[in-house]
Amino acid sequence: MTIKYKSIKEIKNMISHKEISNKEVIQEVFSLINQFQDLNAFITLNEENSIKKAEELDNNPSDLPLAGIPIAQKDLFCTEGLRTTCGSNILNNFIPPYSATVIENLENAGCISVGKTNMDEFAMGSSNETSFFGNVINPWGKDLVPGGSSGGAASAVAAGLVPAATGTDTGGSIRQPASLCGITGIKPTYGRVSRWGMIAFASSLDQAGPMARTAEDCAFMLNEMCSHDEKDTTSLDNDIPDFEENLNSSLKGKKIGIVSDLDLSSLNNDVVEIYQNSLKEFESMGAELVDISLPHLSLSVPTYYVVAPAECSSNLSRFDGVKFGMRSEDVKDLEELYIKTRSEGFGNEVKRRILIGSYVLSAGYYDAYYKKAQQVRRLIKNDFDNAFKKIDVIMTPTTRGPAFKIGSKGDDPIQMYLEDLFTISANLAGLPAMSLPNGNIENKPIGLQIIGNFLDESTILNFAHMFQNETNWHMYTPEGIKQ
Amino acid sequence: MDKKTVTTISYLSRLKIDDEKEEKIINDLGNIIEFVDQLNDVDTSEIDPLANPLEKTAKTRKDIVTAKNLKKKLLEVAPSANEDYFLVPRVVE
C-alpha cells in the first residue's frame, strides 16, 4: 500500500478505511523524501514533529478535512519553531516565533507540515537557481530546472513525495513551476489568502495558493487556505465560496477569451499546437471561443520590473542584522553592520532587484519610472475589466516552452524575466489564475493557463476540473502514467 | 547608468558592491532600465496610478493590543540582545 501519487481524497479514504495508519503515511513520505533527496526539494524537514502528530491522530482519529494529510510548505511562510529561510543566507538561522495565517489555517484543518520547500531567494527567480541552498532538480530530467520561485514545491509534488504543497505567486511563481513540472496550481485573487506571516517580496502582487496534481485537490486545499484575516489589511472580507461545489458544472455556453494581441509566433511550435488542441477540447465540451484584445499586455513584464523591485527594495529594508536573521561579524559601527550583513546575506539577484527598486524610487526618477509603471498597471487592469464583460475566462499557454536546462539562461536577467511573460499580468491586475498540465514535449510537461475574473476562482477550477475529467495529462508522471 | 549612480543607489540600499562585480552590475542595471524604458511609449497623461489591485485604503482596526507579552520571544531570535533591548554597536560616543 503506497500513497505515492495518490490524491488528498484517496489518502483520506485509505486512512479512514484503515488501509494505512497515519504514522505509515508520514513514514512513507520521509522515506520518499530521503530516496529523492537529489532533487534538493526541501530546505528543512519536520520529521520528528510530523511522526508525533501522526501518532496522535492514530490514537485519536479526527474528521478534520485535511486530517493526517502531508503537506510541504514553501519556505517563505513563517512556521513557529521550524526554521524559515526564504531561500536566503540572511535568514539561514531564523526560527520564527509565530506561524503564518495560511500555515495556521492548514494545520487547524489537520494537515501535517512535513517540511519547508526550496525556492528562489526571496521568491525572486524563475528557475530556482537563485536559492542559497542550491538548485532544485526537476524530476522530469536531472539537468532541468523545476521553474520558480516555488520550484521545491513543484518538484516535490511532481515526484510524488507529497500530494500537495503550498506556493506563493508574485509574477508566476506558482503557475510557471507547475507548468514546468506537470502539476496543477492556482494563484487566487489578490486578497483571498492572508499574507500575514508570508515573508513579503512585492506586497501588492504577492499571493499564496495551493499546488497539487489535480484541480480537485487544489479546490480542496484552497477551501482551507482562504480566510478573512484582520492581521492582513489587504485581506478581503468577501464571502468565501465552497470551491469544490462548482467543479462539475457544465461548460456549455461558457466563453473563453482568446487574446488576439498575443504573438504566438515567438513560441515553440509544439507549445502552440498543444494550446490549440486544448482549446478544441473545451469547444467539444460546449464552451465558445471569443476573441478579446488586451492591448497593453506586452507591457506587463516591464511594468512588473519597476513595481516589483520598488516594493522589494522597501520590504527587504527590514533585513538589517539587528532584530532577527544573520549578523555579520567584525563591524566598527551600526552603518557598517547594516551594509556588511546585507551584502553578505543577500545573493546577486536579490541585490540587483533592491538596486533597481532604489533607483526607480529615488528622487528625480520616481515619476519617470514608478508612477509611470503604476499608470500602465491601471491600463493593463482596465484591459482585463473590459474583456471580462463578455467572457468567463481567458486562456493562454502558461510558459513559452517546457523546462529548460540548468544554467541555460546564462547570466542575462532579462531573458529570465521573460519566462513570466504570460503569467505576470494576472498579478498586476490582482486576478486569479491557474496552470494545469495540457501536453508533453519530448517527455517534458507543459501547462495551460486559465485566468479568471476578480474573485472567480470557482469558474477557473471548474474549467480545469472538466478538462482533467476528459484528458489524462495531469496523470503523467516522470515514471510513466499513473491512473 | 554609470558608476556614480550605482555608488549612490547601492549606498541608499545599504549594499556594498564588490569591485570585481561592479562592471557587470552597471551593465545589468543599464539593460534592465533600458528594457523598462519602453513604458515611455505609452501616453498615460490622463491615467491615475494603480498602486494596489484592490484600490482600497488599508483597513484600520480598533487600537487594542492583541499581541501581548512577546518581548522575550522576539528578543530570543535577535542576533544580540539583553533582557530588554536589541544590542548593536555603540552609536553615541
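**View 1. Two domains of chain A, with C-alpha centres 26 Å apart.** The C-alpha centres of domain 1 of chain A and domain 2 of chain A are separated by 26 Å. The model is predicted. Domain 1 is assigned two stretches of chain A, 8-254 + 389-481. Domain 2 of chain A covers 297-377.

**View 2. Where domain 1 of chain A touches domain 2 of chain A.** On the domain 1 side, 29 residues of chain A make contact. They meet 24 residues of domain 2 of chain A. Two elements of chain A give two or more residues each to the domain 1 side: α13 (413-417) and α14 (424-429). Which of them gives the most? It is α14(A), with three residues. By class, this side of domain 1 of chain A holds 16 nonpolar, 11 polar and two charged residues.

**View 3. Helices α9 and α12 of chain A cross.** Helix α9 spans residues 300-315 of chain A, and helix α12 spans residues 366-387 of chain A. Their axes come within 9 Å. The crossing angle is roughly 130°, so α9(A) is oblique to α12(A). Is the crossing left-handed or right-handed? The crossing of α9(A) and α12(A) is left-handed.

**View 4. Residues where α9(A) meets α12(A).** From α9(A) come S300(A), T303(A), V306(A), V307(A) and A310(A). In α12(A) they meet Y369(A), Y370(A), A373(A), Q374(A), V376(A), R377(A) and I380(A). How do the residues of this contact divide by class? Eight are nonpolar, three polar and one charged.

Conventions: Residues numbered from 1 in each chain as written. Chains lettered and ligands numbered in written order. Predicted model: local features only at pLDDT ≥ 70, side-chain atom pairs only at ≥ 80, totals over all residues. Domains from an automatic or database assignment. Contact = placed C-beta atoms within 7 Å. Helix = DSSP H or I, 4+ residues; strand = E, 2+ residues; numbered from the N terminus. Nonpolar A, V, L, I, M, F, W, Y, C, P; charged D, E, K, R; others polar. Axes fitted to C-alpha atoms, helices over the stretch in contact; angles between N-to-C directions. Parallel < 35°, antiparallel > 145°, perpendicular 65-115°, else oblique. Left-handed = near helix turned anticlockwise from the far one by under 90°.
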